[in-house]
Amino acid sequence: MNKSPIHAIVQGSSGSGKTLVISRIADLMPGEDVLRFTRITESSLYNWGEFDLFRKIIIIEDLDGLKEDALYALRELISNQILSSSVSIKDKKGNNKSARKEVKGQFSSLSATTKGELYEDNMNRSFIIAINESEEQTQRIIEYQNKIISGEIDPKEREKAVSFIQSLVRNLKHYEVQNSYANKIHCLIMCEIKED
């Protein structure tokens, strides 16, 4: 897992296949690394163990259903990779006392939304991926589904491919990369804009 994990939000209208897309992507990841949620309550992210979310992939099927407090906690985990809260605990004598609780969250996330305009705070932390809702794409989906139903596509082959990709992902190693051309990319883009 990268020290700066990637986060993405899949956006499309209701019934466009957003949840299916994120579910299929999650299927390609090792099952032990994926946490799938239909929704997240306001305080649930604070209640995980210190390293329970560390190096995980969090799938949120309905970002629209999250309340502002849950979105805030998610944003904090994405930006700072830690949630810190003051909680009450009982000591050995049964007396209440305050304690600090931390949840470390170096994770990637993938979620779905129907909202065309997302909260700006969420947009600048994630890649926004729009579902292709064109008639041509719909036709391709129908043709693929027909091939599955008619037996032209073997589901066992799909399972083998998924298992193979999961094995590849398990064996990925993190390497620090320095791009000596990084400072020239901005110049190239700006130069092309000026020429146009």
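What follows is a conversation between a visitor and a guide about how terms are applied to this predicted model.

Visitor: What should be known about the model before its values are read?

Guide: This is a predicted model, in which local features need pLDDT of at least 70 and side-chain atom pairs count only at pLDDT 80 or more, while totals for chains, interfaces and linings use all residues. Residues are numbered from 1 along each chain as its sequence is written, and side-chain values use heavy atoms, with hydrogens and water left out.

Visitor: How do you know how many helices and strands the chain has?

Guide: Helices (H or I, at least four residues) and strands (E, at least two) are DSSP runs, numbered from the N terminus, and the chain comes to six helices and seven strands. Along the sequence they follow the pattern β-α-β-β-α-β-β-β-α-β-α-α-α.

Visitor: Why are strands β4 and β5 called paired?

Guide: Two strands pair if DSSP finds at least two bridges between them; nine bridges join β4 (residues 82-90) to β5 (residues 96-104), so these antiparallel strands count as a pair. Ile82 stands opposite Lys104 in β5. The two strands form a hairpin with five residues between them, and Gly94 in the turn has a positive phi of about 90°.

Visitor: Why is Lys18 said to have no salt bridge?

Guide: A salt bridge is a side-chain nitrogen of Lys or Arg within 4 Å of a carboxyl oxygen of Asp or Glu. For Lys18, the nearest side chain of opposite charge (Lys and Arg count as positive and Asp and Glu as negative; His and the chain ends are not counted) is Asp64, at 6.7 Å, so the limit is not met. Lys18, in helix α1 (residues 18-27), is nevertheless buried, a word that means under 20% relative accessible area, against over 50% for exposed and partly exposed in between (1.4 Å probe, protein chains only).

Visitor: What surrounds Lys18?

Guide: Not counting residues up to four places away in sequence, Lys18 touches Val10, Gln11, Gly12, Ser13, Ala112, Thr113, Thr114 and Ile131, where contact means heavy atoms within 4.5 Å. The backbone oxygen of Ser13 lies 3.2 Å from a polar atom of the Lys18 side chain.

Visitor: What makes Asp27 a partner in salt bridges?

Guide: The closest N and O atoms of Asp27 and Arg36 are 2.6 Å apart, and those of Asp27 and Arg24 are 3.5 Å apart, so both pairs fall within the 4 Å limit. Asp27 and Arg24 both lie in helix α1, three residues apart, about one turn of the helix. Arg24, Asp27, Arg36 and Arg158 are linked in a network of salt bridges.

Visitor: Why is Arg24 called partly exposed?

Guide: Its relative accessibility is 40%, so Arg24 falls between the buried and exposed limits. Arg36, at 41%, is also partly exposed.

Visitor: What makes a group of residues a nonpolar core, and which residues have the most contacts inside the largest one?

Guide: A nonpolar core is a set of buried Ala, Val, Leu, Ile, Met, Phe, Trp, Tyr and Cys residues joined through side-chain atoms within 4.5 Å. The largest has 19 residues, those with the most contacts inside it being Ile40, Leu45, Leu53, Ile58, Leu66 and Leu74. The elements that give two or more residues to this core are β2 (34-37), β3 (57-60) and α2 (68-80), and α2 gives the most, with six residues. Apart from it lies another core, of eleven residues, among them Val10, Ala26, Val34 and Leu110.

Key
Polar contact = N/O pair within 3.5 Å; in protein donor to acceptor, adjacent residues only side chain to side chain.
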